[in-house]
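Let's take a friendly look at the charged side chains of this protein and see how they pair up. Please keep the sequence and the model open as you read.

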Amino acid sequence: HRCINIIAQAAASVPFELWNQQGREARKEISAHPLLNLLARPNPLNAKVAFFEALYQYRLISGNAFVLALGPKGSAPLELHLLRPDRVSIIAGEGGTPAAYRYTAGTTARDYPVDRMSGQSRVLHLKNFHPLNDWYGLSPIEAAAYSIDQHNQSAAWNQALLQNGARPSGALVV
């Protein structure tokens, strides 16, 4: 948990810069733009740092992060919201493109379709590489699960040994 928090806090503290490149050499930093405003305050509940910390934490824990863009259809988004990865299911489509993303909270489910031609959707799916799954990313924790289980079991054994006065439960006498 601490490791994930440290990584997420460090990544979320990186400032965004927007540049306009005119020609080959001339570059100009843009200091005021709707995109910078959206990233600084993605939604009424979150400022930049809180939003991006949660984004990185979701991706580090589950291997997936889902960003929902809200606003009028056919225009730039006005708000960005994170969807909990455990509540999102991908509805398989043809040709390796999802048909839709389904968000389920309690008994309510909402589908966010994916355009078959462009692959665009109101949901942006950020995922880690997974060699065995076409739709979902591989969690770093899942990749390390055996080592984590081994560490937890050895800690439990050591705790039981200490609670037993550091006397082993048995001895082999020859």
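## Salt bridges in the predicted model

This is a predicted model, and a search of the whole structure finds three salt bridges. In general, side chains of opposite charge can pair when their charged atoms come close. Here are the pairs, with the separation of their closest N and O atoms.

| Salt bridge | N to O distance |
|---|---|
| Asp-86 with Arg-84 | 2.6 Å |
| Arg-102 with Asp-111 | 2.7 Å |
| Arg-116 with Glu-94 | 3.9 Å |

How does each pair sit with respect to the surface? Let's start with Asp-86, which forms its salt bridge with Arg-84. Asp-86 has 57% relative accessibility and therefore counts as exposed, the cut-off being over 50%. Its partner Arg-84 reaches 31%, so Arg-84 counts as partly exposed.

Next comes the bridge between Arg-102 and Asp-111. Arg-102 is partly exposed because its relative accessibility is 32%. Asp-111 is likewise partly exposed, with a value of 37%.

Which parts of the chain does the remaining pair tie together? The side chains of Arg-116 and Glu-94 meet at 3.9 Å, N to O. Arg-116 belongs to the loop between strand S7 (108-113) and strand S8 (123-127), while Glu-94 belongs to the loop between strand S5 (88-91) and strand S6 (100-105), so this salt bridge ties together parts that are 22 residues apart in sequence. Both Arg-116 and Glu-94 are exposed.

Conventions. Residues numbered from 1 in each chain as written. Predicted model: local features only at pLDDT ≥ 70, side-chain atom pairs only at ≥ 80, totals over all residues. Heavy atoms only, no water. Salt bridge = Lys/Arg side-chain N within 4 Å of Asp/Glu carboxyl O. Buried < 20%, exposed > 50% of the residue type's maximum accessible area, 1.4 Å probe, protein only. Helix = DSSP H or I, 4+ residues; strand = E, 2+ residues; numbered from the N terminus.
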